[in-house]
Amino acid sequence: MLDDSVIRQITSWGGAGVATSLYLDVDGSRHPRWSEVERRADHLFRSARQHARQAASGAEAEVEADLAEIRTWLDRRFDRTAIRGVALFSCAGQDLFEAVELTVPVRDQVVVDPEPDVAQLCTVLATSWSAVAVAVDKERWRVLRLRSDGEIRELDVLDDTKPRNVDIDIELAGFGRHEEELAREHLRRVARTIVAEVDRHPATYLVPFGPQESVAQLDHYLPRRVGARSTGARALPPGDGTIELARAAAQAIEHAEEGRRAAVLAEVRGRLVTGTSVVTGLEATLGALGAEQVATLLAERTFEASGGRCDGCRLLVAREGPCPRCGGHVRPSDNVVDAAIADAFLHGVALEPVADGALGDVGRMAALTHRWHGMTSVERSDA
């Protein structure tokens, strides 16, 4: 399972020799024939060999050994019904190998460099989500937990329907109030179930389905910290099965994610107008990242650019020459954007991959910086 520790373990290989990083889309729904996957893998292998020939002396033998390890792993013919992407990392010179199976697709890519390229893993983890979906009316509920990696788990199904043994001596108004109280108690039980689940396993989203009145009452019983995650009330999907509910919830979450990404891009545009707390373009963004000023890093999904990393202070730079911070030697890199994404993730910076063209007019890369940018440490603590 992909988590922060897996990424940190792979990045710890840096400096141990030449490493080969290979990402391959193996989604069976898009590539049903394994021979097609093999052809794309062979294309990546050729690219790796070509890069090795242009690299330092001895790199060809090391990369060839890496590719042999990767080929052996791919020949296992793993189950592609659940695995949609693989990330394979090899540093054969140090007897290091790591395979990460993913339930989300990846972009075909191969990188030969002294440091493994974990940018796509960082993006997958940074943009992952978990959600609680609840279908509710006045008498029934169904609660699911789902995640962006495709996991679906039914948590609870309950029917609070009460037998309607009406006493003809009870006034109708009193009976109505009794029914209303039963409905309220039912919704309070649903709310307690949701809160307990979110407390056990934090969720990015809450997706409520059902009649508007029932969802509104449920929201009334939820604490703000839970209700604020709601995507808004939605009508129950056709059919009452788990798969139908999970599919409808995933669609609601994708809509919410699109809105969130649009809001971040709007924030960039708004700050550009005022000229505050934002930088754009590769060079300025790398500078802000090196100065630990970045709160959110945005980059177009396929953006690549050459640059380098200082062997001394590890600053990422966009130009050739000595390190502008310490004067040390800068080792060239074919794709400094991926290195920036990895650095940002490992230092707790929010990552926002955006569609190609979304930042085309400002250099394909941008960063929202901390609003206390430029303050002294004392001023920050008082802000």
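Two strands are said to pair if DSSP finds at least two bridges between them. I begin with that criterion because the pairing of strands recurs throughout this talk, and it rests on this count of bridges. The structure before you is a predicted model.

Let me apply the criterion at once. Strand S11, residues 307-310, and strand S12, residues 316-317, run antiparallel and are joined by 2 bridges. Within that pair, arginine 309 has leucine 316 of S12 as its bridge partner. The hairpin that S11 and S12 form has 5 residues between the strands, and there arginine 314 adopts a positive phi near 65°.

On its other side, what does S11 pair with, and over how many bridges? Its partner is strand S13, residues 330-333, again antiparallel, with 4 bridges. Glycine 308 is matched there with proline 332 of S13. Together the 3 strands make an open, antiparallel sheet in the order S12-S11-S13. S12 and S13 are the edges; each has a single partner strand, so one side of each lacks a neighbour in the sheet.

In a regular strand, side chains alternate between the two faces of the sheet. Are the two faces of S11 covered or uncovered? Both are covered: Gly307 and Arg309 are buried on one side, and Gly308 and Cys310 are buried on the other.

I now step back to the overall picture. The protein has 383 residues, of which 42% count as buried. Its secondary structure amounts to 11 helices and 15 strands. The C-alpha trace spans about 95 × 55 × 35 Å along the principal axes. Of the contacts between residues at least 6 apart in sequence, 71% join residues at least 24 apart.

As to confidence, the mean pLDDT is 89, and 90% of the residues reach 70 or more. Two stretches call for caution. Residues 163-170 have pLDDT below 50, and beyond near neighbours in sequence this stretch makes 4 contacts in the model. Residues 373-383 are likewise below 50, with 4 contacts beyond near neighbours in sequence. Where pLDDT is low, predicted coordinates should not be read in detail.

Next, a second open sheet. Its 4 strands follow the order S9-S15-S10-S14, and the pairing is mixed. Strand S9, residues 278-280, and strand S14, residues 350-354, are the edge strands, each pairing on one side only. From one strand to the next, the twist averages 15°. S9 runs antiparallel to strand S15, residues 365-369, and 3 bridges join them. One of the matched positions is valine 279, whose bridge partner in S15 is alanine 367. Which helix packs on this sheet? Helix H8, residues 242-274, does so, touching S9, S10 (294-300), S14 and S15, and its direction makes about 80° with that of S15.

I turn to helix H3, residues 59-74. At 1.5 Å a residue, its 16 residues should span 22 Å, and the end C-alpha atoms are indeed 22 Å apart, so expectation and model agree. The buried residues of H3 are Ala59, Val63, Asp66, Leu67, Ile70, Trp73 and Leu74. Why do they line one face of the helix? Viewed down the axis of H3, they fall within an arc of 115°, so a single face accommodates them. An α-helix has 3.6 residues a turn, so residues three or four places apart point the same way. The face turned away from that buried side carries the exposed residues Ala61 and Thr72.

The cover over the buried residues of H3 includes strand S1 (19-25), helix H2 (34-54), and strands S2 (85-91), S3 (96-102) and S4 (109-113). Of these, S2 and S3 pair in the antiparallel sense over 7 bridges, with valine 86 opposite glutamate 101 in S3. Their hairpin has 4 residues between the strands, and aspartate 95 takes a positive phi near 55° in it.

My last item is glycine 227, which lies in helix H7, residues 224-227. Is glycine 227 buried or exposed? Its relative accessibility is 17%, and because buried means under 20%, glycine 227 counts as buried. Leaving aside residues up to four places away in sequence, glycine 227 touches Asp219 and Leu222. From aspartate 75, glycine 227 is 152 residues away in sequence and 48 Å away in space, C-alpha to C-alpha.

Notes: Residues numbered from 1 in each chain as written. Heavy atoms only, no water. Axes fitted to C-alpha atoms, helices over the stretch in contact; angles between N-to-C directions. Contact = heavy atoms within 4.5 Å. Expected span 1.5 Å × (residues − 1). Buried < 20%, exposed > 50% of the residue type's maximum accessible area, 1.4 Å probe, protein only. Arc of directions from axis to C-beta. pLDDT = per-residue confidence, 0-100.
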